[in-house]
Amino acid sequence: HDQYIPANNTFTYKDLKTGRMVTQHIDKGNTDRVHNVNFVLDYRWENGMNLEVNSKLKYGHSYRANPSVTGMIDAVEGSGITYEDHTPYIGPAQNRRRLIFDAFEHSWMTNASLKGRSGNLRHNWQVELDYWLNSSGTYTSMAMSLHEVKKNPKLLLLNGKSSFSHNSYAEFYDGNEHKLFGFVSDEWTISDRLWLMAGLRLEYLNVNGYAANDIYPENVRYAGFSLTDKRIKLNRLDKNHFNHSYIASGRFIIAGGLGLQAEYSSATIHSQLFHYGAYSYPTQKGITANYFRGGIFYKNNWIDLTSVITHITMSNSQNRPMLNHVLIKDAGDLKAGQNETVTIPVYYNMATLGWVTDAVVTPFEGFKLHALFTLRNPTYQDFELNPTFSDGVTEHYDFSGKNITGLSKVETEIEPSYTFDRWRVWLSARYFGKQYINKTNSLFFNGRWETFGGVDFTFNKHVDFSVSFINLLNQKGADGSISSADLVTDPAPYKNYLMSGTFIRPFTVELTTKIKF
């Protein structure tokens, strides 16, 4: 019934490509024009070998205008914030960053997969070969805007303008990507008690084209930035990388349905074309993720249980957080005392050690209970940044050892269901432990339950009916993270402080009919 965005049908921004001010209707700011041609081949030999070829030619253009929440400011007398009729506004004002994407993709992707069995059917092998030729680019303009902090808010002006800080964060790249990669795997059933699997994937990646990165300091983004600025020096891209990944797993039955299992995988990727869109030149180091899990399993006719220890690491992860700062002097369209939001690329590591137990119990016909328990400790590693803001202030932050935002240390899921005749009744309850809002871990959400339920009815083989209930307990609360609070270290000023973010869905009833031809 309510919305948290002004009802204005248009928005104004400075076009990154032309340097002109553009007023655009919302509908035109969110459209896709895509043409696809697909080719599929599926051929099976008498000996069971199967060849699948999938090829797609895509010609597409996408326009997007995404208005994300970026924190709030307090409008005071003399701040220059007014309603559209220029009546002064005093009170909390919601800051929004609108990214306006003008992007294209012309690509050809082909995948060929050959599968078969050999060695008296004990080997189940697969070989793949893929090729991707992608020509793409984006002109991503940016504009900030303000509105009231209330339901169905009105648009606010800053110094008589509906948008400001144009293209102080803007993205541009225009180039090509070539990917050629192969994959081979084998599942080996050594005996009735021992099973092994291994796979290897190798990829050649070439990125070439043009971008406007900080290789040249003339490419620095500023309020009013556009590619028509004669000082800009586009940098040429021509990078070659080799990505690789592999996996090995095994399962051994000790006795009856009791056994041991283990799996290890590793994957390394490098910066792709879209990573060059921002001002900062992306890392040329590989981003590596390692995953290990190992434990026990037990299975019989009424229970299927798995309990494993997991360890996950990721090195050189890339992110572009939005960071807030209170200006100590006027800078561009903003005045001293107001919040400025900047987006900078950062590189860091992550790690977590966890324990996961998953069980499916069927004690009697028609009834099934699924239960999942997760205990983990996800943390940032080697995560430091030194953002510099428009007033010349540089701040230092070290998030190493802090918990990763939006992830709970404890999660539990309980899902009972009962099926009889053509009916199925089900419930689902999920518990999420304390989640940190920001990277300093000074703000957090308390643990909460999310509850669901439903009734499904199969009328016949063509028609199904269902009714679903979301948030049965009608709990209220925040969810996710609040990136604009990432640099907050002292939580005291934020007690009973108004902030903006995303929230869990309210109690909802959904009726669904599925008709299958």
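These legends accompany close-up views of a predicted model.

**View A. The largest nonpolar core.** This core holds 17 residues. Ile81, Tyr89, Ala93, Leu146, Leu156, Leu158 and Phe164 have the most contacts inside it. Four elements give two or more residues each: β4 (50-75), β6 (91-118), β7 (123-148) and β8 (155-158). Strand β7 gives the most, with three residues.

**View B. The surroundings of Leu158.** Leu158 ranks among the residues with the most contacts inside the largest nonpolar core. Neighbours within four places in sequence are set aside here. Leu158 then contacts Ser79, Gly80, Ile81, Leu146 and Phe164. Its other contacts are Asp333, Leu334 and Gln338. Of these partners, Ile81, Leu146 and Phe164 are also listed with the most contacts inside the core.

**View C. A second core.** This nonpolar core is separate from the largest one. It has 14 residues. Val346, Phe389, Phe399 and Leu487 are among them.

**View D. The β3-β4 hairpin.** Strand β3 covers residues 31-44 and pairs with β4 in the antiparallel sense. The pairing runs over 14 bridges. Val40 has Asn54 in β4 as its bridge partner. Five residues lie between the two strands of this hairpin. In the turn, Gly48 has a positive phi of about 100 degrees.

**View E. Strand β4 against β6.** These two strands run antiparallel and are joined by 24 bridges. Arg64 stands opposite Phe101 in β6. Both β4 and β6 also give two or more residues to the largest nonpolar core.

Notes
Residues numbered from 1 in each chain as written. Predicted model: local features only at pLDDT ≥ 70, side-chain atom pairs only at ≥ 80, totals over all residues. Heavy atoms only, no water. Core = buried A, V, L, I, M, F, W, Y, C linked by side-chain atoms within 4.5 Å. Buried < 20%, exposed > 50% of the residue type's maximum accessible area, 1.4 Å probe, protein only. Contact = heavy atoms within 4.5 Å. Pairing = 2+ DSSP bridges.
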